[in-house]
Amino acid sequence: MSDGAEARTARSPVLELSGITKTFPGVIANDDISFTLNEGEIHCLLGENGAGKSTLMNVVFGLYQPNSGTIRVRGQEVSFESSADAIARGIGMVHQHFQLVSVFTVTENVMLGDEVTKGGGLVLDTDRARQRIREVSQLYGLNVDPDARVGDLSVGEQQRVELVKALFRDADILVLDEPTAVLTPGEVDEFFGVVRNLVDQGKSIVFITHKLREVLAVADRITVIRNGKVAGDADPGVATQQSLANLMVGRDVVFQVEKSPASPGGVAAKVEHLRVDDERGLRAVDDLSFEVRAGEIFGVAGVQGNGQRELVEAMTGMRPIVSGRVEMLGQDVTSARPRRIAELGVGHIPEDRSRHGLVTEFSITDNLVLNRYHHAPFARRFIRQRGAMAEHALELVQQFDVRTPGVDVEVGTLSGGNQQKVIVARELSRNIRVLVVAQPTRGLDVGSIEFIHQQIIALRDEGGAVLLVSAELDEILSLADRIGVLFRGRLAGTFDAADATREQLGYLMATGGELTAEQAP
Amino acid sequence: MTSDPDNLNQRIDRAGGRVRAAVLETFRLQPLLIPFYALVLAVLIGGVLIALVGVNPFEAYWALLRGMFGNGDRLAGSIARSVPFIGSALALAFAFRAGLFNIGAEGQLLVGGVLAAWVGTWAWIADVPGFFAVVLMVLAGLMGGAFWGGIPGVLRAKTGAHEVISTIMLNSIALFFIRWMVNSRNPVVLRDVASTVPRTEPVADNALLPKIVDSSPPVHFGLFLLIGASVLAAFILNRTIFGFEVATVGANADAATYAGMNVNRVIIVVMAVSGSFAGLSGASEVAGTAGFFQPGFFLAMGFDGIAIALLARVNPYAIIPAALLWGSMLNGASLMQQEADVSVDVVRIIQALVLLFVAADAIVRYVFRVKVVEDTYGSVLRGSSGA
C-alpha cells in the first residue's frame, strides 16, 4: 500500500520506520509497524485512543526503546537512547500536554535545556536567544513574543511556543501529538495555516490525531493505526470521513445517531436568573434562565470559557451561587450540597474526567461506587461490602463495554474512552431522572463516542431530562432536541434543533448576536 | 533430565525465584523488602563506623543485640520502650492516607499525656473503681490528642493553612506551655510541690494501667491498647466508608467533592483521630510507666514516630514491628555503651541511615537488585505527598 503512495510523491523519505514492535508488560502497543515520512509532507497518523500512535512517536523521539525494528533518518539507521539523541537528529516533538514552565517567559522556556550562554558558559545570553526566537517566529509566521510570560498566553499561543522550542533546536521533522485537542475551532484553522507554512518552508510533519475532519483538511498522506498495527494507508483526495472511521474502528460506524422525536414531559430542571462567579471572582454566568423538560435533551453550545463550567458546577452543587435559583425535580437546590442534589436523582458527568469524575489511582470497582459507597448494598452500617461492590463492577463493565483486563485495575491505566465509560456507567446505573453532562466525548475515539451518545439518548427515551454542554457543535446538533447558545454567561439564543443550522449557531457562538448588539453604544 | 550443571543452576535459581516471589506475594511482604534491606545496609555502615572508633563491631553489635533481647528483662524492657512509638507513628500514618502530613505527634502526645495526668490526680478519681479510673484517664489522653490534632485540621479546612506549618507551631506551643505548667511554683498549676524535679503529682493508684511484666521500664496494659489502636486504624482505613472517604480525599479532593463527600469534615476528623492516637500513647505512658507526667518523657517521641511510620510505609500493621525495632534498639544501646564503650548515638546514626536508605530507595534497589514495585505509599518518601 505504502509503495503506491511513495511512487506518487517523488520526494525523498526523511524518516523511515520498519517493523517497529514495542511491548509493555501484558500489552503489545506497537506490532510490526512500518511508516515513512517524506520530505515536505504532512503525514497524518490516525487512530483511536490507545491504538498505539503516541507510543510509536515516543519511540521516534527516543523516549521509548523499541523491542525490535529499525528507524532511519535520512537513510541512516539510528538508535536513540534518549530524546536528546532524537533532537540531535533534527526531530522535534510537541506533546499533547505542553512541557512549559508557566512562570517563565517565552525566551526562558525556549532556552530551557538548550541554554544560550556567554562568558564561558556561565551567563545566560538572553538577548541572543530572544533575537533568534524573533527570527524563527517571523520565518514561520508563529507570532510569538519572546518576553511574554507563558502563563499569560492562551493555549493556542502556548502551542506555538512549543513549536518555537522545536524549531529553535533546528528540528526539521516535527511530530505533533494531538495538537488540536486543546484548541477552539477558530484556533484550529489558524493552526492549520501555521502547519502548512512550516511545510512550505521545508519541514516534514507527522500529525497525530483521531479527528477525521482535521485529517481530511490537512493531510498529504494518511496512515491508520488500529490495535497497534497499521490498518491501512489512505489518500486524502479519495478518502471520506466514513471510510476513515471504518478503517480506524474496524467496522461500520454510525455517524448520525438514531433518534426518534422527543416527547417532552414536565419541567425537570429549572434555572432562574442564575449568577455565578469564576475562580477570579469575575461573573461567569449572568442572569441565566432556562428549563429542561423530562424526555428531552437541551444542548448548550458555545465556545469554551463562556460560563459552561461554572453553570454546570453551580447546578450540581460544586460551586457557590451568587444569586438566582436552581430547581431540580421540583425541589429548590440552590446552593445545596452535591450529595443532596445527586441523591434527588441527578446524575453528573463532569467536564474534567481525571480531576472530578474519577480517582485515577483507585480501582474500577471503587470508582463505580464513588458516590454511592455509603449506601446498601455497598455498605452495611459503616462497613464496606467488597463482594457487592465487585459484583456491581463486573456487571457494569460488561453492560457498558468497558475494555479492561479486570475490575481491580486502576482506572488511570485505562484509555480515555474506557475511563469515560466508567463514569457514564456509574451515573447512568444510578436511578437518575436528570443528567447534567459536560463535554461527554472530549478526546474520545469514534467507537466510544457512538456508544456514549446512544446511552444518553436511551436515557432521554426513558423520560430522563438531559442538559448537554458541549464545545463540539456536531455533538450538540446530533443529540440535542433544543439548543441554547451560551455567550459570556448568557443565552444568545434558543432554538428547536430542527430549525437550527450550523452557520447560525456558529455565528451566535462567535459574536453573541443580539446580546452584544444591544450592548453596543 | 539434563546433567548440564549451568542449566541446573539456572533452574535452581529460577525455582528459588519463584518460591521467593510466592512467599512475598502470600504475605504481601514486597513493600517491606526495602526497609529490611535498608536496615541491613545501615547496620553494615554502622559497623564500619564502630570499627573506625577502634571497637570491634561484632562485639559492639553482640552487646547491642543482648541489650535488646538478651534476657527476659531486656526483652520486656525493649517491648515497653517501643509501645509509645506505635501511637506517635499511627498519628502520622492515619493522616497520611488523607494526604495530610501530621508532624504534630510531639505536641499531641504532650497534651494527651498532661490531660491524662491531670484527670488522674482529681481527688474523686481515687474513690471510683479502678476500671473507670483507667478509662477516664485514657479518654482524657485521647481527647487531649484529638483536640491538639483537631486544631490544625480546622485551620487547614477553614483557612487553608498548611498542616505541616501549624502542627510544628503547635508542637512548640504545647511544649513550652506544658513545661511552664509543670515547672511553675508561683502560681502552682500542675507541679507537685513536694518533688524536687518538675513533675505533676502522682495519679491515683487505682488509675494506673495494670502491669504485665515488671521490667524496667515495665510492660503494661498500654501494649494492648496500642496494638488495638493499630488494628483499629487499619480497619477504619481499609474497611469502613469513612476510610474510603479518607482515601478519596487523599487521592483527589476534587473528586471527593464531586462524589458528595464533605472534604473539610474529613480533614478535621482525620486530624483529630490522628492526634488521638498520639494522645493515647501519652496517656498510656503516664498511666502505665511513670504514674505522673514529666515533659522530658516524650522528648523526640513524636518525631521518632514520623520516622517509624515512614519506615513502615504508613501501613498501620507494619508500624508494630517497626516501632519494636526502634524502641528495642534504643533500649539495647545502653548495654552496648557499658560493655563495648560505644556511644548510644551510634544507634541514632543507624536509625537515621535506615530512614535515609528507605527514602533514597534507589540506593537499596541498586545494591540488592530489587525490582521496582510501586505500592500505594511508594511516593511518600520521595516527597510527592498528596498534601
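**Exercise 1. Take stock of chain B.**
Task: State how many helices and strands chain B has, and what share of its residues count as buried.

Solution: The model is predicted. Chain B holds 15 helices and 2 strands. Its length is 387 residues, and 50% of them count as buried. Now turn to contacts between residues at least 6 apart in sequence. In chain B, 78% of these join residues at least 24 apart.

**Exercise 2. Classify a helix pair.**
Task: Decide how helix 3 and helix 13 of chain B are oriented to each other.

Solution: Step one, locate them. Helix 3 of chain B covers residues 57-69, and helix 13 of chain B covers residues 316-340. Step two, read the geometry. Their axes come within 7 Å and cross at roughly 130 degrees. Step three, classify. Angles over 145 count as roughly antiparallel, and 65 to 115 as roughly perpendicular; the crossing fits neither range, so helix 3 of chain B is oblique to helix 13 of chain B. Step four, add the hand: the crossing is right-handed.

Step five, list the contact. Helix 3 of chain B contributes residues including B:A60, B:L64 and B:F69. Helix 13 of chain B contributes, among them, B:M329, B:G332 and B:L335. By class, the contact has 11 nonpolar, 5 polar and 3 charged residues.

**Exercise 3. Describe the side of chain B that touches chain A.**
Task: Which element of chain B gives the most residues to this side?

Solution: Start with the totals. The contact takes 14 residues from chain B and 21 residues from chain A. Two or more residues come from each of helix 9 (241-251) and helix 10 (253-258) of chain B. Helix 9 of chain B gives the most, with 5 residues. Finish with the classes: 7 nonpolar, 5 polar and 2 charged on the side of chain B.

Key:
Residues numbered from 1 in each chain as written. Chains lettered and ligands numbered in written order. Predicted model: local features only at pLDDT ≥ 70, side-chain atom pairs only at ≥ 80, totals over all residues. Axes fitted to C-alpha atoms, helices over the stretch in contact; angles between N-to-C directions. Helix = DSSP H or I, 4+ residues; strand = E, 2+ residues; numbered from the N terminus. Parallel < 35°, antiparallel > 145°, perpendicular 65-115°, else oblique. Left-handed = near helix turned anticlockwise from the far one by under 90°. Contact = placed C-beta atoms within 7 Å. Nonpolar A, V, L, I, M, F, W, Y, C, P; charged D, E, K, R; others polar. Buried ≥ 20, exposed ≤ 12 C-beta atoms within 10 Å, placed from the backbone.
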